[in-house]
Amino acid sequence: MDKLRITGGRTLHGEVTISGAKNAALPELCAALLTSEPVILNNVPRLRDVATMRQLLDNMGVQTQTHGDRGGITLQAADPIQAEAPYELVKTMRASVLVLGPLLARFGHARVSLPGGCAIGSRPVDQHIKGMQAMGAEIVVEHGYMVARLPVGKTRLHGARIATDMVTVTGTENFLMAAALAEGETLLENAAQEPEIGDLAEMLIAMGAKIEGHGTSRIHIQGVERLHGCTHQVVADRIETGTFLCAVAATGGDVVLRHGRADHLDAVIDKLRDAGAEIEAGKDAGGDFIRVRATGRMKAQSFRTTEYPGFPTDMQAQFMVLNCIAEGTSKVTETIFENRFMHVNELVRLGAHIQVDGKVAVVEGISRLSGATVMATDLRASASLVIAGLVAEGETIVDRIYHLDRGYDQMEEKLRGIGADIERVK
Ligand code: EPU
């Protein structure tokens, strides 16, 4: 199993190119199921989760092909399709549930494994099921699978008003894709507003869908009979961007993040500025960029994770590292997932002072961490341990980095490129 060996203490300088967003690319790969025509995605990040999604689509009979060196993938889902997502793939990646909406909408049936719990929480899919039922699908859960079909005599889902009990990102994405091909109008209330939803909606519109209100909590979709192919550029990964911002704020240095979208990270950037980092965002001939400069010790910042545009749960672990070595005591409250403090025990092994009580972690800033062997437990926890390794005195070994490979495109190469002492060991 691969590990990362990091020698801490270096400041970071130079430029990093931010990749396409994992959590936009995954639903967008699934959106190719909505049409028999070719769909071209560009700027798809090179990640294990993308490879898993591709394997899932390949298994169904979707033709997929990579092209160019800029993350191009062409997908074509001609009839017939094996409309099934098996447990072996779904258990490794919950986002597989994103095939449910498109399969039902285009083929009228789907058999998708229930994902089960995962490291960060129980993560049920009850809202996905309720929404599809509201659009007319009949769904039974048997042998661990959601078996969904249209009633006898029906060939399309129908539009519906769907108000979910909580804001759900992949739920909103499943409903968007299903409603795009449903008969009549769908109104999504309490919809997620994450930039990845907006990016998926733009892609669907380019395929001929009629969608309004994406980026707000009320989305209207007027279903159409068929969608066509399109070419779409995956939006920049705001969590990768935020992870690099935190890394530079923690280590000190001066780094430009090419393609980074500051407008998708307001909550994190505000906190980083309050902590003492200098952040400047703009556009030049190369497109969007963010420059981050940090000198001296940062000031600890309390925050609470919430849905977009609030502070993202996917940035909680990385920002907590900054608080571990900042001046002052901070309170970090996790409201989205019930078990997303698994990095805490590992950070404590590096010397951090953190006390967890339910949803709240109280972090007392200390002047330095000291290197040790730590174990990655999930994707964002892994990223936080890498940042901790960059600031810790001496050597840190991060074990089980397959989690990191699921969602960060060449993280250690990018960090090495800006001066980090980091290498992968087998
Ligand atoms: N929830 C339910 N029932 C449902 C759906 C959600 O109870 O049917 C609960 C969840 O258990 C959770 C909350 O609602 O407590 C929000 O979950 P959401 O559905 O929004 O999460 P998700 O769609 O499964 C996506 C991202 C996650 C990110 C969350 C929150 C993708 C592929 N995944 O998950 O990303 O943390 O939204 O922003 O988009 C990551 O990239 O590391 C990651 C975990």
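Q: Which atoms of the ligand and of threonine 170 come together, and what is the distance between them?

A: This model is predicted, so every value discussed here is computed from predicted coordinates. An N or O atom in the side chain of threonine 170 is 2.6 Å from an oxygen atom of the ligand. A pair of N or O atoms counts as a polar contact within 3.5 Å, so this pair qualifies.

Q: How much of the ligand's surface does the protein bury?

A: The ligand by itself exposes 830 Å², and 87% of that is buried by the protein.

Q: What polar side-chain atoms of asparagine 23 and aspartate 126 lie by the ligand?

A: For asparagine 23, a polar side-chain atom lies 3.0 Å from an oxygen atom of the ligand. For aspartate 126, an N or O atom of the side chain is 2.7 Å from a nitrogen atom of the ligand.

Q: Which residues around the ligand come nearest?

A: There are 22 residues around the ligand, and the nearest are Asp126, Thr168, Thr170, Asp314 and Ile336. By character, the shell comprises 10 nonpolar, 6 polar and 6 charged residues.

Q: Which helices supply at least two residues of that shell?

A: Four helices do so: helix 1 (22–31), helix 5 (126–134), helix 6 (169–180) and helix 12 (379–391). Helix 5 gives the largest share, with 3 residues.

Q: How should one read the length of a helix such as helix 6?

A: The general idea is to compare the span with an expected rise for each residue. Helix 6 has 12 residues, and 17 Å separate its first C-alpha from its last, which is close to the 16 Å expected at 1.5 Å a residue.

Q: Why is helix 6 described as largely enclosed?

A: Helix 6 is largely enclosed by the rest of the structure because 10 of its 12 residues are buried. Those residues are Gly171, Thr172, Glu173, Asn174, Phe175, Leu176, Met177, Ala178, Ala179 and Ala180. The cut-off for "buried" is a relative accessible area under 20%.

Q: Which residue caps the N-terminal end of helix 6?

A: Threonine 168 does, with a side-chain oxygen 2.9 Å from the backbone nitrogen of glycine 171. Thr168 is also one of the residues that come nearest to the ligand.

Q: Which residues of helix 11 are buried, and what covers them?

A: A general point helps first. Residues three or four places apart on an α-helix point the same way, because there are 3.6 residues a turn. In helix 11 (residues 342–349), the buried residues are His343, Val344, Glu346 and Leu347. Their cover includes helix 10 (316–324), strand 20 (353–357), strand 22 (373–375) and helix 12. After helix 11 comes glycine 351, with a positive phi near 105°.

Q: Is valine 348 of helix 11 buried or partly exposed?

A: Valine 348, which belongs to helix 11, is partly exposed, with a relative accessible area of 36%. Its C-alpha is 9.8 Å from that of valine 374, and the two are 26 residues apart in sequence.

Q: What does threonine 17 contact beyond its neighbours within four places in sequence?

A: Threonine 17 belongs to strand 2 (residues 12–17) and is partly exposed, at 44% relative accessible area. With those neighbours left aside, threonine 17 is in contact with Arg258, His259 and Lys414. The C-alpha atoms of threonine 17 and valine 256 are separated by 8.5 Å, although the two residues are 239 residues apart along the chain.

Q: Which peptide bonds are cis, among them those that lead into proline 80 and proline 309?

A: Most peptide bonds are trans, and most residues other than glycine have a negative phi. The bond from aspartate 79 to proline 80 is cis, with omega near -15°. Proline 80 sits in the loop between strand 5 (72–76) and strand 6 (84–85). Tyrosine 308 and proline 309 are also joined by a cis bond, with omega about 10°. Proline 309 is in the loop between strand 18 (303–304) and helix 10.

Q: What is the sign of phi in arginine 123 and asparagine 190?

A: In arginine 123, phi is positive, about 45°, although the residue is not a glycine. Arginine 123 lies in the loop between strand 7 (109–113) and helix 5 and is partly exposed, at 27% relative accessible area. In asparagine 190, phi is also positive, near 60°. Asparagine 190 belongs to the loop between strand 11 (185–189) and helix 7 (195–206), and its 29% relative accessibility makes it partly exposed.

Methods. Residues are numbered from 1 along each chain as its sequence is written. This is a predicted model: local features need pLDDT of at least 70, side-chain atom pairs count only at pLDDT 80 or more; totals for chains, interfaces and linings use all residues. Side-chain values use heavy atoms; hydrogens and water are left out. A residue is near a molecule or strand if one of its heavy atoms lies within 4 Å of it. A polar contact is a pair of N or O atoms within 3.5 Å; within protein, one must be able to donate a hydrogen and the other to accept it, and residues adjacent in sequence count only if both atoms are side-chain atoms. Accessible areas come from the Shrake-Rupley method with a 1.4 Å probe; for residues, only the protein chains shown count as cover. Ala, Val, Leu, Ile, Met, Phe, Trp, Tyr, Cys and Pro count as nonpolar, Asp, Glu, Lys and Arg as charged, and the others, Gly among them, as polar. The expected span of a helix is 1.5 Å times one less than its number of residues. Buried means under 20% relative accessible area, exposed over 50%, partly exposed in between (1.4 Å probe, protein chains only). Contact means heavy atoms within 4.5 Å.
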